[in-house]
Amino acid sequence: MAPAVNNLSHPCISEKKSGWMKWLSRIFRSGPNRGGGGSGSGSSSSSGGRLPQQLIGDQENIFRRAPARSTDDPSRAHKEKEELDHTIALSLAEDLKRRNRYRRRTENDEAISRELQDKMNLSPYPSVAPPQFHPGDYRYCSGCNRAIGYGNYLGCMGTYFHPGCFCCRSCGCPITEHEFSLSGKHPYHKSCFKELTHPRCEVCHQFIPTNRAGLIEYRCHPFWSQKYCPSHEHDNTARCCSCERLESWNARYISLGDGRSLCLECMESAIMDTGDCQPLYHSIRDYYEGMNMRIDQQIPMLLVERQALNEAIVGEKHGFHHMPETRGLCLSEEQTVTSILKRPKIGGHRLVGMRTQPQKLIRRCDVTAILVLYGLPRLLTGSILAHELMHGWLRLKGYRNLNPEVEEGICQVLSYMWLESEVMPGFRSGPSTSAASSSSSSSSSKKGGRSFAEKKLGDFFMHQIANDASTSYGDGFRTANAAVNKYGLRRTLDHIHMTGSFPV
């Protein structure tokens with residue numbers, strides 16, 4: 001539109017007036033003949049001589065005509081007036097379009113601003129300003145789920161973390177080392193992961209070392225699951241003579257003075273002299289009577305030291321003995337045996353003040369006496385007594401020249417059955433067994449009751465009998481126990497008496 005304005009023969013000058021100019025122009029336009037004549041011009045102003053005006057809002061366009069060349073040609077003046085009016089109309093139309101375009105652009109900008117504001121209100125973190133970087137560079141921390149931006153970050157396990165968000169799952173502290181351990185999708189400090197997974201020795205309480213192949217090698221007790229370094233089997237670490245557990249460095253065992261040691265749990269129910277053992281011995285005789293296996297002869301029972309028991313084994317002509325250690329003996333020869341008369345006291349980590357007495361054993365029947373090793377827990381002492389009493393019952397009832405597997409096997413069955421009656425009363429069916437269980441339970445402990453630790457010991461002693469690896473004691477027990485479970489104890493004993501073997 002601008003070139004059309006420039007081609008006019010009478011150019012017009014357009015200007016925007018300030019506030020005081022607008023006020024001044026209104027004063028000059030107030031009269032009918034304002035701005036029309038001059039004293040030296042000699043011409044009068046006509047109605048067509050008024051200046052065309054247009055006011056839009058606060059802006060007003062004013063056009064002033066250039067001096068007329070001649071007034072003699074009315075047609076030319078009229079043509080010029082039409083061209084001027086046309087130019088004014090074009091200028092006003094262009095100005096209106098310009099304002100409409102500005103209004104539409106302003107409305108679009110406001111709509112975009114409102115849309116961005118709505119999106120920001122939907123963000124899960126409205127109080128945090130979004131980072132100012134390119135959309136392709138967005139990374140989110142897998143620890144806090146926030147954008148990482150251009151700061152430092154860690155890239156591992158296929159994802160990203162703030163340095164402070166890459167934390168150990170065990171202790172919760174940031175992992176700053178160059179190396180770490182990974183379990184599943186969870187990172188750990190190497191020290192924390194070792195603490196969780198690497199086994200510790202239950203003797204020295206250190207991490208069990210690896211062998212030359214880089215593997216963790218340790219020993220584990222089959223019943224107690226006690227894990228320990230292989231070296232402790234050869235470094236003179238004490239082992240309980242009852243439960244077989246190794247001595248821990250923070251729990252000293254009691255030395256019995258004959259090369260044996262006793263842990264504190266086994267020491268709680270240990271029987272130390274012959275007088276302490278008499279009630280247990282009589283309760284086991286009652287157990288036999290309850291199963292119709294009464295022993296009429298009064299067989300002496302003595303609690304002896306390890307050396308005295310070994311000497312008695314040497315003097316015994318008959319019998320099969322459990323090696324490497326024998327804990328009980330059914331004597332059939334006359335001997336002089338030293339028994340424990342008074343129980344010793346605990347002084348520090350050893351026993352002191354023991355009193356012994358030699359005793360001459362005279363043979364009055366096929367069984368001279370029953371000897372049991374002192375210093376063992378009540379349940380272990382009772383199982384030994386039940387085993388040795390069965391040897392005595394067989395000899396007194398005329399069971400002669402039995403195979404060691406048969407004799408030791410059936411004796412182990414009676415030992416196992418008595419332990420069952422103590423640990424699990426009423427487990428085996430039969431009124432006689434229940435009666436024997438109730439009678440023996442009345443004197444179950446010198447302290448009047450069985451603790452959880454004592455019951456656990458009973459389970460261990462039963463486990464020892466059932467899993468014995470020897471031919472006579474282990475295989476013999478398993479064969480005898482299968483026969484008793486199938487045919488009953490009485491029929492099995494009758495079959496042994498007639499054939500010298502177990503029924504199949």
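Modeller: Buried means under 20% relative accessible area. This is a predicted model, and that cut-off is applied to it throughout.

Biologist: Why is S421 called buried?

Modeller: The relative accessibility of S421 is 3%. The cut-off is under 20%. S421 therefore counts as buried.

Biologist: Where is S421, and how far is Y287 from it in space?

Modeller: S421 sits in helix α9. Its C-alpha is 9.4 Å from that of Y287, although 134 residues separate the two in sequence.

Biologist: What makes α9 and α11 roughly antiparallel?

Modeller: The axes of α9 (residues 404–423) and α11 (residues 452–466) cross at roughly 160 degrees. Over 145 counts as roughly antiparallel, so α9 earns that label with respect to α11. The axes come within 10 Å, and the crossing is left-handed.

Biologist: Which residues make the contact between α9 and α11?

Modeller: From α9 come Q412, S415, Y416, L419, E420 and V423. From α11 come K455, G458, D459, F461, M462, I465 and A466. By class, that contact holds 7 nonpolar, 3 polar and 3 charged residues.

Biologist: How do you know that the length of α11 agrees with its residue count?

Modeller: α11 has 15 residues. The expected span takes 1.5 Å times one less than that number, which gives 21 Å for α11. The end C-alpha atoms are 21 Å apart, so the two values agree.

Biologist: Which residues of α11 are buried, and what covers them?

Modeller: The buried ones are E454, L457, G458, F460, F461, M462 and I465. G458, F461, M462 and I465 also belong to the contact with α9. The cover includes α5 (264–268), β19 (376–377), α8 (378–396), α9 and α12 (471–487).

Biologist: What makes α8 and α9 oblique?

Modeller: They pack at about 140 degrees, with axes 8 Å apart. Roughly antiparallel needs over 145, and roughly perpendicular runs from 65 to 115. An angle of about 140 degrees falls in neither class, so the pair is oblique. The crossing of α8 and α9 is right-handed.

Biologist: Which residues meet where α8 packs on α9?

Modeller: α8 supplies R378, L379, G382, S383, A386, H387, M390, H391 and L394. α9 supplies E407, E408, I410, C411, Q412, L414, S415, W418, L419, E422 and V423. The class count is 10 nonpolar, 6 polar and 4 charged.

Biologist: Why is α12 called oblique to α13?

Modeller: The angle between α12 and α13 (residues 489–499) is about 125 degrees, and the axes are 7 Å apart. That angle makes α12 oblique to α13. The contact joins A483, V484 and Y487 of α12 to L489, R491 and T492 of α13. By class it has 4 nonpolar, 1 polar and 1 charged residues.

Biologist: Why does H162 count as buried?

Modeller: Its value is 19%, and the limit is under 20%. H162 therefore counts as buried. H162 lies in the loop between β4 (159–161) and β5 (181–183). Beyond neighbours within four places in sequence, H162 is in contact with C141, C144, R146, A147 and I148.

Biologist: And Y228: buried or exposed?

Modeller: At 6% relative accessibility, Y228 counts as buried. Y228 lies in strand β8 (residues 227–228). Leaving out residues up to four places away in sequence, Y228 touches C201, E202, V203, I208, Y218, R219, C220, E233, R239 and L246. The C-alpha atoms of Y228 and H205 are 8.6 Å apart, across 23 residues of sequence.

Biologist: What makes the phi of E244 and of N292 worth a note?

Modeller: Most residues other than glycine have a negative phi. Phi of E244 is near 70 degrees, and phi of N292 is near 60 degrees. E244 is in the loop between β8 and β9 (254–255). N292 is in the loop between α6 (274–290) and β12 (301–304).

Biologist: How do E244 and N292 rank on exposure?

Modeller: Exposed needs over 50%. N292 has 64%, so N292 is exposed. E244 has 29%, so E244 is partly exposed.

Biologist: What is the overall inventory, in helices, strands and buried residues?

Modeller: The protein has 13 helices and 19 strands. Of its 504 residues, 37% count as buried.

How values were computed:
Residues numbered from 1 in each chain as written. Predicted model: local features only at pLDDT ≥ 70, side-chain atom pairs only at ≥ 80, totals over all residues. Heavy atoms only, no water. Axes fitted to C-alpha atoms, helices over the stretch in contact; angles between N-to-C directions. Helix = DSSP H or I, 4+ residues; strand = E, 2+ residues; numbered from the N terminus. Parallel < 35°, antiparallel > 145°, perpendicular 65-115°, else oblique. Left-handed = near helix turned anticlockwise from the far one by under 90°. Contact = heavy atoms within 4.5 Å. Nonpolar A, V, L, I, M, F, W, Y, C, P; charged D, E, K, R; others polar. Buried < 20%, exposed > 50% of the residue type's maximum accessible area, 1.4 Å probe, protein only.
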